[in-house]
Amino acid sequence: MTDHKQLGNTLWAIADQLRGAMNADDFRDYMLSFLFLRYLSDNYEAAAQRELGPDYPVLPDGDRRTPLAVWYEQNPGDIDAFEQQMRRKVHYVIEPDFLWGSIAELARTQNSELLHTLQEGFDYIENESFSSTFNGLFTEINLNSEKLGKSYADRNAKLCTIITKIAEGLAEFSTERDSLGDAYEYLIGQFAAGSGKKAGEFYTPQQISTILSGIVTLDSQDPTTGKKKHLESVLDFACGSGSLLLNVRHRMGANGIGKIYGQEKNITTYNLARMNMLLHGVKDSEFEIYHGDTLTNEWDYLRDSNPARSPKFDAVVANPPFSYRWEPTDALADDMRFKNYGLAPKSAADFAFLLHGFYYLKPEGVMAIILPHGVLFRGGAEERIRTKLLKDGNIDTVIGLPANLFFSTGIPVCILVLKKCKRPDDVLFINTAEHFEKGKRQNHLRPEDIQKILDIYQYRKEEERYSRRVAMREIEENGYNLNISRYVSTAKPEEEIDLQAVHRELQEIEQSIQEAKERHNGFLRELGLPELL
């Protein structure tokens with residue numbers, strides 16, 4: 001088992017053991033925040049050690065202070081210059097009192113000041129650590145919550161226990177930052193699985209993220225030329241915990257993307273996403289996550305009234321909430337994102353999300369979005385939007401995924417790939433409904449299933465009962481209905497029966513029966529027994 005999975009399992013077991021009456025979602029916020037603090041501290045102390053070289057204190061066994069606390073005591077006159085240098089190198093600063101080592105020691109010794117110090121530390125990280133302030137990063141962590149205990153002393157004692165256990169669990173593992181970042185992702189996945197329905201709000205299973213990232217990082221006009229060398233910008237307008245954006249970054253490499261942009265409406269999930277970026281080594285200058293409503297377009301950065309000036313992105317990925325009820329208004333009908341298509345119905349915002357992302361796609365960009373199957377065939381306003389996108393040549397590929405891949409829903413979903421400029425005058429349909437591994441609670445795509453989808457997309461290959469390129473004329477004849485089974489059926493054709501051959505075979509069997517009966521009756525006659533009729 002990989003290091004991050006073992007670490008994730010250890011932390012998950014601690015969560016299970018310690019959360020008591022607290023529900024999983026509340027405990028998740030505490031645990032992931034402590035993991036985040038440990039990551040920031042490790043990364044900062046490693047950079048400080050490189051910066052200070054031989055001046056970085058080496059403490060004797062048994063001295064449980066942090067080396068930086070000792071250095072600060074010994075060099076008060078050099079602290080400002082050191083912190084300026086650290087801001088240049090790692091983009092943030094953490095004072096020694098707020099480092100994980102200091103906090104864990106307060107917890108280990110059951111120090112009554114732990115809760116106060118932790119609150120000060122969280123406030124410091126939000127407002128002073130980074131050059132760009134991370135306001136509200138820990139808003140969901142209420143250290144004064146009665147869920148932790150009725151009195152200050154009770155809450156302090158509970159936090160001492162939680163932090164000590166986490167510190168012990170982490171001590172067994174490598175502090176390599178990727179392991180911590182991956183363990184954080186793993187835990188988000190575990191909490192998502194544990195909280196079922198709500199989980200779809202913040203987590204896209206990695207296997208599905210891998211398909212989307214594989215698609216949007218290929219050249220849009222000629223995917224056969226392979227992965228792009230660089231993407232200026234990537235947008236996920238319903239980014240949840242940021243796992244999909246990080247999957248794209250992982251595929252492109254640490255320097256392969258100019259800047260990552262995300263938007264998230266849920267405050268808890270928004271904070272998860274910001275922590276998740278930093279935990280994976282994305283500097284605060286390399287990403288921007290905005291807290292606000294996508295459908296009403298609350299983000300000023302995107303909302304320039306001059307379409308020529310509004311930002312556009314090389315890649316757009318999204319897993320928005322399925323069939324979300326929204327409030328389409330007259331003002332939205334004139335919105336630049338929707339006015340050429342019409343508004344999605346009140347009962348299902350799926351096409352509103354799609355058109356939002358599509359509006360901000362560069363002409364040479366690629367968009368991949370996860371949606372429920374209903375968008376492929378529902379009538380009314382959705383049919384009008386779908387028809388225009390098809391007539392304009394913007395829908396490139398439709399991928400049908402197996403059922404029950406998500407925590408939040410058992411329904412089968414699809415991936416739509418959109419482009420503003422595409423070469424082939426057809427739509428590629430991929431039907432993966434039968435290509436998966438069955439699980440107890442959930443189905444899974446195997447690595448070979450994922451690779452097959454990406455391979456078929458990249459080379460636009462056709463394969464019986466799996467993929468097909470469908471001409472626009474045929475789609476038009478079908479009333480612009482994109483129901484996948486109309487074009488790629490996984491049903492096995494019934495075997496043709498050769499009636500003459502079957503008839504001959506039956507005659508031969510009949511003859512064999514007669515001969516066997518004659519022989520048997522001969523024996524019966526010899527024995528004086530009645531014959532078979």
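Aromatic pairs, then. The count in this predicted model comes to 20. Take one of them, Y261 with F313. Their ring centres lie 5.2 Å apart and the planes meet at 70°. Over 60 degrees counts as edge-to-face, so that is what this pair is. It also links distant parts of the chain. Y261 belongs to strand β2, F313 to strand β4, and 52 residues separate them.

Buried or exposed, these two? The cut-off for buried is under 20% relative accessible area. Y261 has 10%, so Y261 is buried. F313 has 1%, so F313 is buried as well.

Next, a cluster. Ring pairs join Y44, Y92, F130, F134 and F287.

Two lysines deserve a look too. K312 puts its charged end over the ring of Y359, 4.5 Å from the ring centre. K388 lies over the face of Y341, and here the distance to the ring centre is 5.6 Å.

Now the sheet. It is open, with nine strands and mixed pairing. Read across, the order is β3-β2-β1-β4-β5-β7-β6-β8-β9. Which strands are at the edges? β3, residues 287–291, and β9, residues 467–471. Each of them pairs on one side only. From one strand to the next, the twist averages 15°.

Zoom in on β6 and β7. β6 covers residues 395–400, β7 covers 413–418. The two run antiparallel, and five bridges join them. Opposite C414 in β7 you will find G400.

Which helices go with this sheet? Start with α13, residues 350–359. Helix α13 packs on the sheet and touches β4, β5 and β7. Its direction makes about 160° with that of β5. Then α11, residues 267–279. Helix α11 lies across β2 and β3, and runs at about 170° to β3.

Last topic: the nonpolar cores. How many residues does the largest one have? It has 112. Within it, F34, Y44 and L401 have the most contacts. Helix α2, residues 24–52, gives this core its largest share, 15 residues.

What does F34 touch, leaving aside neighbours within four places in sequence? W100, L118, F122, L159, I162, I163 and I166.

Another core lies apart from the largest one. That one has 49 residues, including L295, A344, L355 and I385.

One residue to keep in mind from all this is Y44. Y44 sits in the ring cluster, and Y44 is also among the residues with the most contacts in the largest core.

Conventions:
Residues numbered from 1 in each chain as written. Predicted model: local features only at pLDDT ≥ 70, side-chain atom pairs only at ≥ 80, totals over all residues. Heavy atoms only, no water. Pairing = 2+ DSSP bridges. Helix = DSSP H or I, 4+ residues; strand = E, 2+ residues; numbered from the N terminus. Axes fitted to C-alpha atoms, helices over the stretch in contact; angles between N-to-C directions. Contact = heavy atoms within 4.5 Å. Core = buried A, V, L, I, M, F, W, Y, C linked by side-chain atoms within 4.5 Å. Buried < 20%, exposed > 50% of the residue type's maximum accessible area, 1.4 Å probe, protein only. Phe/Tyr/Trp six-rings, centres within 6.5 Å; stacked < 30°, edge-to-face > 60°. Lys NZ or Arg CZ within 6 Å of the ring centre and 35° of its normal.
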